[in-house]
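Trainee: Before we discuss this model, may I see the sequence and the structure together?

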Amino acid sequence: MKWSQTHLYTLKEAPSDADILSQQLFVRAGLIKKLAPGIFTFGPVGLRALRKFEGIIREELEKRGLIEVLMPMVHPKELWEETGRWTKMGEGLLKFKNRNGQWFCLGATHEEAITDYVRYELQSYRDLPKNFFQIQTKYRDELRPRFGLMRGREFIMKDAYSFDLDKPSALKSYQIMYDAYKAIFDRLKVEYRIVEADAGSIGGSLTHEFQLIADAGEDALMVSDVSDFAANREVCPAIDTNPVKLTSNQESGAPVIPFFEEFATPNLKSILDLETSYPDLKPLLVKTLFFKEDKPEAKIFAVVLRGQDEVNPIKLKNVFGFSQEPIWATDQEVVRVTGVEPGSCGPLGLNIDIYLDNGVTGLPSVVVGANKKGYHLKNVVLGRDFKATAIGDYRMAKSGDQDPKNPSGRLSAVRGIEVGHVFYLGTQYSEKMNARYLTKDQKSQTIEMGCYGIGVSRTIQAVIEQCHDKDGMIWPMAISPFLVHICVLDVKEKALLNLAESLEKSLLSFGVDTLIDDRDERPGVKFKDADLLGFPLRITLGKKGFDKGVAEFVTRKNQNKIEVPLAQMIEKAIEVLKEIEK
RNA sequence: CGGGGAGUAGCGCAGUCUGGUAGCGCACCUGCCUUGGGAGCAGGGGGUCGCAGGUUCAAAUCCUGUCUCCCCGACCA
């Protein structure tokens, strides 16, 4: 491909709305261009990266027996009403009417569509298992799109849906996809972790996320330093490594904690204020938070946890079986149940459900709000002074917590970009949509499902978030838009251009795609652009080298330079590329 | 939804307070010159200053309304 014959332009400055580096580089190199918030055009070079990644996905999935289909982007309302998601998905679904007044939405995910596609054809146990995939544009009406392709409204996704006879078979399909995803992301040669995760609005019980490690990632992950344990912080179990020790008197069983007493804490509103004013009480400070399920007429409940800990709404959602995260009670509601505004609330004397985080249970006594403005209570003892409805893990895990899989391991927090997600769904969709088959002994059985997604467009940018330097992108071989970038320094020299063209032709016969920069530009411009675009190998053909019979090879990653005799360019290029791939 | 900021050439910005011919850098076009790390000189093209209304002899600038975009925020008991 010649630069002059494609549409390639570069910017020295990034548009002011590009927030993270990978997005700036993508825009500067013309890989993407924003059309509207969260909606992008792919330029020819960006498209090549996209296509290469799609190729990898397709290869690994077809290898494992998946069937490629392509479903529509526009879905009728009735389809989504079958599963109740027309309303449950809320604002995320972009809905609109056609000229006849019929409602449609843009496909945000395709569980309904695929189930509809197969439910009348998959009738016999002989038809199962089957696993379908598609690579297609999704639309989700994100509240706040950002970071370019990372959180777009319109994006390209590979989604797959498995249909199985029973749960064991479905779990087998799950494992196949899990392994396929591993194979796919391994080929990118980037750092990623497979983490335990929350199922979110897709639903399901068994689920893993594939997270590409990057500081700009939107997800907080907890990873172990010794085992392969890794979890999204949303669901990571919180296990203290140095629980507060009971005093020796406590251990002997003597009731050393005196009755609780009130003390004045005027103008101290937050736990932070209390910590500052009473540093010696810091480990005993306990906060009482009030929540309710996100639906009308929901009951208020309290969560009690250490001042230093953060509540984890996802855990609450999962423990209580809510369909969504609980929401904070308003100040008025807090006053209604405690008699006092937030700042001095405590668990004593409440007649609502109180959920006690297990981080509190080791404390001999605690300090809580007195439910009286400007007062707190100390020497409060759990069980004696107030009772909890239930004790559980309701808090966020934090750095230094114990690895749930290996007691000697410690967790640390890293950030990740979710590029893949696998779910075991069970029958939650097939049941609602009546997708059934007949067993050998003629019984009607509900089909077991799984669903599996890869954010294709997100991944190519996420990769660059990890692979770049101050000069630009550094593409991994697997998805690099081109493998070789030939800079012809003197385009008026016909011989040089001819040489570049024949080199491209030869390389292409080895499957090595090449971009020839044939612009009439000064060398510096070409080198800067080559660094920005970041293809693995740059070959410089200049008049000086040509007269000496050599070309210069530069590997993008480490800027290693070697001189190569013109006659050996092809073999050497193949050799260098193989070296880079390692 | 709340808070903050911004809409002026393809991109990055100044000009707005204090009304008076629409500016700068990059990019683009022409010519000369230059050619191994974003050269130089000269000339040039491109704007209904987000939109609507108002004030004024005169509005990018002041007033009113409106739209759009961007950033931050759902840890406080």
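The following questions and answers go from the whole chain to its RNA surface and then to selected residues.

Mentor: This is a predicted model in which local features need pLDDT of at least 70 and side-chain atom pairs count only at pLDDT 80 or more, while totals for chains, interfaces and linings use all residues. Residues are numbered from 1 along each chain as its sequence is written, chains are lettered from A and ligands numbered from 1 in the order in which they are written, and side-chain values use heavy atoms, with hydrogens and water left out.

Trainee: How many helices and strands does chain A have?

Mentor: Helices (H or I, at least four residues) and strands (E, at least two) are taken as DSSP runs, numbered from the N terminus. The C-alpha trace of chain A spans about 95 × 65 × 50 Å along its principal axes. Within chain A the count is 16 helices and 31 strands.

Trainee: What percentage of the residues in chain A is buried?

Mentor: Buried means under 20% relative accessible area, with exposed over 50% and partly exposed in between (1.4 Å probe, protein chains only). Chain A has 582 residues, and its buried share is 53%.

Trainee: What share of the contacts in chain A with a separation of 6 or more comes from residues 24 or more positions apart?

Mentor: A contact means heavy atoms within 4.5 Å. Among contacts in chain A with a separation of 6 or more, the share from residues 24 or more positions apart is 69%.

Trainee: Which helix gives the largest share of the surface near RNA strand B?

Mentor: A residue is near the strand if one of its heavy atoms lies within 4 Å of it. Strand E14 (286-292), helix H14 (523-533), strand E29 (537-541) and helix H15 (543-548) each supply at least two residues of that surface. The largest share, seven residues, comes from H14.

Trainee: Which two acidic side chains lie 2.3 Å from a base nitrogen of RNA strand B?

Mentor: There are 46 residues around RNA strand B, and those that come nearest are Ile-271, Val-311, Trp-328, Asp-531 and Glu-552. A polar contact is a pair of N or O atoms within 3.5 Å; within protein, one must be able to donate a hydrogen and the other to accept it, and residues adjacent in sequence count only if both atoms are side-chain atoms. On the backbone side, a polar atom of Ser-16 is 2.8 Å from a phosphate oxygen of RNA strand B. A polar side-chain atom lies 2.3 Å from a base nitrogen in the case of Asp-531 and likewise in the case of Glu-552.

Trainee: Why does Tyr-181 count as buried?

Mentor: Tyr-181 is found in helix H6 (residues 167-188). Leaving out residues up to four places away in sequence, Tyr-181 touches Lys-158, Phe-210, Gly-420, His-421, Val-422, Tyr-452, Gly-453 and Ile-454. Its side chain reaches the backbone oxygen of Tyr-452 at 3.3 Å. Tyr-181 counts as buried because its relative accessibility is 0%.

Trainee: Which side chain joins that of Arg-519 in a polar contact of 2.9 Å?

Mentor: Arg-519 lies in the loop between strand E28 (514-517) and H14, and Arg-519 counts as buried because its relative accessibility is 17%. Beyond its neighbours within four places in sequence, Arg-519 is in contact with Trp-3, Val-491, Val-525, Lys-526 and Asp-529. The side chain that joins Arg-519 at 2.9 Å is that of Asp-517.

Trainee: Which residue caps the N-terminal end of H9?

Mentor: Helix H9 (residues 313-320) has the buried residues Ile-314, Lys-315, Leu-316 and Lys-317, and their cover includes E14 and strand E15 (300-306). H9 is followed by Gly-321, with a positive phi near 70°. At the N-terminal end, a side-chain oxygen lies 2.9 Å from the backbone nitrogen of Ile-314, and the capping residue is Asn-312.

Trainee: At what distance does the side chain of Asp-240 make a polar contact with the side chain of Arg-395?

Mentor: Asp-240 lies in the loop between strand E12 (230-232) and helix H7 (248-251). A polar contact of 2.9 Å joins its side chain to that of Arg-306. For the side chains of Asp-240 and Arg-395, the distance is 3.3 Å.
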